[in-house]
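Please open the model in your viewer and keep the sequence panel beside it. The tour below moves from one selection to the next and says what is to be found at each stop.

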Amino acid sequence: MLEEVELVDEPVRRLPGESPPTTRRGTALCLSGGGYRAMVFHVGVLWRLNQAGLLARLDRVSSVSGGSLAAGVLGLHWSQLRFDAAGIAPEADVIEHVVEPVRHMARQHVDVSAVLTGAVLPFTSISDRVIRAYQKHLFGEATLQDLPDEPRFVINATNLQSGVLMRFSKPYLGDHRVGRVVAPDLPLAVAVAASSAFPPVLSPCTVDLGHEEWVTDDGNDLAHPSFRGEVRLSDGGVYDNLGLETAWKRCARVLISDAGGRMAADDDPPDNWAGHMHRVLDVIDNQVRSLRKRQAIAAFAAGRRTGMYVGIRSQVGDYPVAEALQAAPSVTARLAAIPTRLDRLDDDAQERLINWGYVICDTGLRSFVDRHLEPGSLPYPEHPLTEEQRG
C-alpha cells in the first residue's frame with residue numbers, strides 16, 4: 001500500500017499565514033471538478049455541512065474546476081452567513097447567498113456559447129467569454145481580496161508551463177516552482193475560470209501576471225520572467241481532480257466531496273493517431289484520479305487520517321450508518337452520468353443533484369465524522385431519490 005505522504009506532490013513549505021509544515025491542524029473541505037454537475041452536487045454537501053455545524057468550523061476550502069464555482073460563491077458570501085453559537089447559519093441565508101446564486105449559474109449556457117463566440121470574434125478568447133459569464137452571473141467585480149481571511153479558500157488551476165498547481169487565495173497566488181504574488185487583486189472570476197478551464201475546448205486560460213511583484217522563495221527553480229508573465233493555465237483537475245494537494249498536507253481532518261467524471265469502457269477504441277492519443281490521455285487521467293481516491297480512502301480506513309470521502313458514484317448501502325436516507329443506485333447513477341459541461345441544467349436535475357449531495361454527505365458524516373448526528377431531511381422533498389423518479 002502506498003504511504004499517505006505520496007498524496008502530496010509539492011514540497012511542504014511554511015508560507016505567510018501557514019502553520020508549520022510538520023503540524024496539521026483543523027478541518028479542510030475538498031471540492032472536486034465535474035462542471036455544473038459538480039457545482040450543484042457540492043451545494044447539497046454544503047447544505048448538510050451547515051446543518052451539522054461543520055461549515056463554520058472549516059479552516060480551509062480547496063477546490064478545482066466545477067468545485068471552484070461552488071467554493072467561489074461560498075467564499076464571496078461567507079460574511080453574509082449569520083452563524084449562531086452552534087456554528088449553524090439560518091437556512092434562509094444559505095439558500096439566498098449560496099444555493100440560489102449557484103442554481104442561477106446552472107441555468108446558463110456557457111461552454112458552447114463561449115467556444116462559438118471566442119472562435120469568430122477577434123481580440124477575444126474562449127476563456128475571456130467564460131470570465132465574462134462568471135462576472136455577469138456570479139462574481140461581478142469581486143477579487144481574491146473579497147474572500148474571507150478564515151476559512152482559507154484555495155482555488156486551484158494547473159500551470160501548463162511549470163507542470164504543477166497554480167493556487168489562488170487571498171494571502172497569495174503562487175506556484176511552488178515559479179514563486180508567489182502576495183495579496184493579489186486578481187478578479188475572482190479569472191481565478192475560477194482558470195480553475196475550470198477543462199481541456200480541450202475551454203483550455204488554456206491565459207492570465208497576465210507580468211505586472212505583479214513576485215516573491216521568490218527557496219526552491220523556486222523557475223523564478224524567471226518568462227514564467228512570470230502571461231501564464232497559461234488549465235483546469236485544476238488536470239493535476240489534482242479532488243483538490244487534495246493543499247488540504248492533505250495542512251489539515252488534520254479532510255472532508256472530500258467528489259463529483260468528478262469516470263472514463264467509460266470502449267470495446268472499439270480508435271486507432272487513428274488523434275483518437276488513439278485522446279484515449280491514452282483519458283486512461284492516464286483516470287488512473288491518477290483513481291489513485292488519489294484510493295489513497296485517501298485507505299488512509300481513512302487505516303486510521304492514519306480522519307475525515308470522509310463521499311462521491312457522486314458512492315452508494316448509501318456501502319456506508320456503516322443506521323437509518324440512512326434513501327437513494328436508489330439506479331437514480332444516483334443517472335445523476336452521476338450528467339455530462340461534465342458548463343451547460344444548462346433544468347430545475348428538476350438541479351434539485352435531485354442537490355438532494356443527492358445532501359444525502360451522501362449525511363451518510364458520510366454519520367458514518368465517520370459524528371455518529372451521534374441526527375439524520376437530516378431532503379432539501380427538496382418533492383424529488384426523492386427513489387426508483388419512481390425518472391430523469
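Begin by selecting Leu186, which counts as buried at 7% relative accessibility, in a model that, it should be said at the outset, is predicted. Leu186 belongs to the loop between S6 and H6, and if residues up to four places away in sequence are set aside, its contacts are Thr143, Leu144, Phe168, Ala191, Val207 and Leu209. Add Phe168 to the selection and draw a distance from C-alpha to C-alpha: Leu186 and Phe168 are 8.8 Å apart in space, while 18 residues separate them in sequence.

Stay in this loop and move to Ala183, which is likewise placed between strand S6 (179-182) and helix H6 (188-195). Is Ala183 buried or partly exposed? With a relative accessible area of 44%, Ala183 is partly exposed. Its backbone deserves a look as well, since Ala183 is not a glycine and yet has a positive phi of about 50°. As background, most residues other than glycine have a negative phi, and most peptide bonds are trans.

A second residue with a positive phi is Ser65, where the angle is near 50° although the residue is other than glycine. Select it in the loop between strand S2 (60-64) and H2, and note that Ser65 counts as buried, at 3% relative accessibility.

The next stop concerns the peptide bond itself. Select Glu150 and Pro151 together, for they are joined by a cis peptide bond with an omega of about -5°. Pro151 sits in the loop between helix H5 (126-139) and strand S3 (152-159).

Now zoom out to the whole chain before turning to charged side chains. Eleven helices and eleven strands make up its secondary structure, and 56% of its 391 residues count as buried. The chain exposes about 16,600 Å², of which 53% is supplied by carbon and sulfur atoms. If contacts between residues at least 6 apart in sequence are considered, 76% of them join residues at least 24 apart.

With the charged side chains displayed, the structure can be seen to hold 13 salt bridges. Take Arg82 and Asp93 as one of these pairs, in which the closest N and O atoms are 2.7 Å apart. Arg82 lies in the loop between helix H2 (66-76) and helix H3 (91-105), whereas Asp93 is in helix H3, so the pair ties together parts that are eleven residues apart in sequence. The two partners can be compared by their cover: Arg82 is exposed, with a relative accessible area of 57%, while Asp93, at 4% relative accessibility, counts as buried.

Continue to helix H11 and select Arg366 and Asp362, whose side chains meet in a salt bridge at 3.0 Å, N to O. Why are Arg366 and Asp362 separated by about one helical turn? They are four residues apart in helix H11 (residues 347-369), and therefore about one helical turn lies between them. Arg366 is buried, with a relative accessible area of 6%, and Asp362 also counts as buried, at 0% relative accessibility.

For another pair, select Asp343 and Arg341, which form a salt bridge whose closest N and O atoms are 3.4 Å apart. Here Asp343 is partly exposed, with a relative accessible area of 22%, and Arg341 counts as partly exposed at 29% relative accessibility.

Which residues should be selected together to see a network of salt bridges? Choose Arg103, Arg107, Asp347 and Glu351, which are linked in such a network.

The last stop is on the surface, where Asp266, Asp267, Asp268 and Asp271 gather in a patch of negative charge. Select Asp271 within this group and follow the backbone on either side, and it will be found in the loop between strand S10 (253-258) and helix H9 (273-301). Asp271 has a relative accessible area of 76%, which means that it is exposed, since exposed residues are those over 50%. The tour may end here, with the four aspartates of the patch still displayed on the surface.

Conventions
Residues are numbered from 1 along each chain as its sequence is written. This is a predicted model: local features need pLDDT of at least 70, side-chain atom pairs count only at pLDDT 80 or more; totals for chains, interfaces and linings use all residues. Side-chain values use heavy atoms; hydrogens and water are left out. Patches are made of residues with over 30% relative accessible area and no salt bridge: like charges are joined within 9 Å, nonpolar side chains (Val, Leu, Ile, Met, Phe, Trp, Tyr) within 5 Å. Accessible areas come from the Shrake-Rupley method with a 1.4 Å probe; for residues, only the protein chains shown count as cover. Lys and Arg count as positive and Asp and Glu as negative; His and the chain ends are not counted. The place of a charge is taken as NZ of Lys, CZ of Arg, CG of Asp or CD of Glu. Helices (H or I, at least four residues) and strands (E, at least two) are DSSP runs, numbered from the N terminus. Buried means under 20% relative accessible area, exposed over 50%, partly exposed in between (1.4 Å probe, protein chains only). Contact means heavy atoms within 4.5 Å.
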